[in-house]
Amino acid sequence: MIHVLTPEIYNRIAAGEVIDRPYSVVKELVENAVDAGAKSVTVEIEGGGKKLVRVTDDGAGISEEDLPRAYLPHATSKLEKAEDLFTVQTLGFRGEAIASIASVSRMKICSKTAGGEAHSLACEGGAVGKVLPEGGADGTVVTVEDLFYNTPARLKFLKSDGQEEGDVTAMMARFLMSRPEISFTYLTNGKVKYRSFGDGLESAIAAVYGADTLANCHKISADKHGIKVYGYIGSRNFYKPNRTYGSLFVNGRYVVNQTVGAAMTNAYSAYLMKRQYPFYVLFLDVPPEIVDVNVHPNKADVRFADNQIIYGSVYSVVSAVLDGNSRALEYLAENEKSGMGYGKPVSTFRKTENVPERPAPVMTYEEAKKELKFDVSPLAGHSPVSREFFAPNTMEVHAPAAKPAEDAFEENRKFLREREEKAKQEKLDPKDLVYKGELFRTYLIYEAGDCAYLIDQHAAHERLIYDRLRAKMEARAVVSQPMLMPYVLTVNAQEFSFLEKQFPVLREIGFDVEEFGGTSVKVSAVPADLMGMDLAAFFGEVLSSMESLRAIRLADLLKDKLASAACKAAVKGGEFLSEEEAKSLIERMDGDVGLKCPHGRPVAVRVKRTELEKLFKRIV
Ligand code: ADP
Ligand code: MG
């Protein structure tokens, strides 16, 4: 039953989110569908949501007599008495969303309860029409057209269709991941963008980021000081170009939080370079009393009672997994044997009563709070003390659960385990690697203990000159080297206008470029470190990724991209590397012979002494 809240109750509720963008419309409507217990939700938008937002669900529906009340301000079925405010479980309860959206759009709700008949009621700019009979399945279809058509001032403040759509899409991604038990279909301009099947987190993440992302992730599930830390975190070689690939859900809600952000950044700091950001879909389940989710109704921020414990829990679990800590591997093996935690949908971890049995945590939240006297400053960076102290002895690492129909997940799991073990073995101290020469001007040979390592010079060299160029760029010490013969490139008009826009950045990194009549570009100097580079290859690379480069706005990032394309073009097969360069190369690689080049080829190959001895039949 929908009823209007009395002013006494209403005035005790903090104001809700303002409907100011298509994004907020979609959010409210999807939350209503979730509140109605929908198992399947379809979201369609057109024109970035300005032209159309339609949300279809198979939830409880709205009865014929309730339909007009749904449009009334402060009308809700989710709250009755003031006391309910403390126990309310639904996402909405203020009873404002439909009334506010209806006043600034052409809105129509069509709904059917189980056992009832379908009816619809439209409302244009706040003027409610008549209830009409309709056909239709159980559930509700809410259509919002021409948002802000009657409030031009607000319309003017909207971003472009593409940007509004982007914001809706980002939010839908979070809905898919925070509600993996619901099957979502999300379409923009008639095209399916996301489809999830309501069968768990792995599946939802695959729907958002693609299945291969899972193959680059560790599935973690840990209990730390009474805090559950679970989800998927990118492995150490897996990075993203910006922060938007880190999602945090606290007690099932998407939030942004600095403490957790710092813990993640620091855990990855040993593996990621500048401007490389981790991928993670991380869930924290914390005792409700230690988290304040209502810091700001418009911002998805949370405040924790004790940041140190949150920081310590996240940091210790994530860094142990990334470091390939032996205990983490043992746990994985244990879990393999007992099969614990597999085959269960991840979403069940969210409900305490369904948590599979696992070893009791060494410390509860309360105990941890009492005992943690040392300083784990959230922004202090790598702290060996905290790593020691938060030994991950209650942690479990799960690879993606096996699915009967999809052997791919089983394969992923095996792959992750093997790679983890391999990476553990293959990290060497650069000092132990002795340079022994090169082969075919392609492979560098190093010796360490009982093994020889062959390193692909091309991939490694590319990295080396890139680092050198970056360092010079950072110090603003790039030296341009004029060419004897200027290089002239003729392109089409579109390409030219794109290249012309990149002139300032190209000049900053050491290229001397200028317009050369028509749609031609003249290059008369290159960065000294890239002398002899293949300019045709470089511009070919730049133009072939024109679309993605165009999307990059930050000059710094673009500089990076152009520099790395340039370095690629500078390394030719068969180039000779001096012994000194070869040595500095392995130092820069930090002895990590498990490294892969960006295309996934291995940078290094190991040959064991015993393998050679077998070849010579010294041993059998
Ligand atoms: P609130 O969600 O805060 O209650 P809304 O304005 O969003 O306020 O919705 C008003 C009421 O309309 C809800 O309380 C609910 O009873 C009903 N309602 C809205 N959307 C749906 C839906 N998709 N399915 C079932 N009921 C709905
Ligand atoms: Mg609502």
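By class, the shell around ligand 1 in this predicted model holds 9 nonpolar, 7 polar and 4 charged residues, where Ala, Val, Leu, Ile, Met, Phe, Trp, Tyr, Cys and Pro count as nonpolar, Asp, Glu, Lys and Arg as charged, and the others, Gly among them, as polar. The shell comprises 20 residues, of which the closest are N32, T76, S77, K78 and G95, a residue being near if one of its heavy atoms lies within 4 Å of the molecule.

The table gives polar contacts of the ligand, that is, pairs of N or O atoms within 3.5 Å.

| Ligand 1 atom | Protein partner | Distance |
|---|---|---|
| oxygen | N or O atom in the side chain of K78 | 2.7 Å |
| oxygen | polar backbone atom of A97 | 3.3 Å |
| nitrogen | N or O atom in the side chain of T140 | 3.3 Å |

Taken alone, ligand 1 exposes 530 Å², and the protein buries 95% of that, with areas from the Shrake-Rupley method and a 1.4 Å probe.

Elsewhere in the chain, helix 9 (residues 258-268) is largely enclosed by the rest of the structure, because 8 of its 11 residues are buried, meaning under 20% relative accessible area. Among these buried residues are V260, M264 and Y268, and the cover over the buried residues includes strand 13 (227-234) and helix 10 (307-323). At the start of helix 9, a side-chain oxygen of N257 reaches to within 3.1 Å of the backbone nitrogen of T259. Helices are DSSP runs (H or I) of at least four residues, and strands (E) of at least two, numbered from the N terminus.

Residues are numbered from 1 along each chain as its sequence is written, while chains are lettered from A and ligands numbered from 1 in the order in which they are written. Because the model is predicted, local features need pLDDT of at least 70 and side-chain atom pairs count only at pLDDT 80 or more, whereas totals for chains, interfaces and linings use all residues, and side-chain values use heavy atoms, with hydrogens and water left out.

Definitions and conventions
Buried < 20%, exposed > 50% of the residue type's maximum accessible area, 1.4 Å probe, protein only. Contact = heavy atoms within 4.5 Å. Polar contact = N/O pair within 3.5 Å; in protein donor to acceptor, adjacent residues only side chain to side chain.
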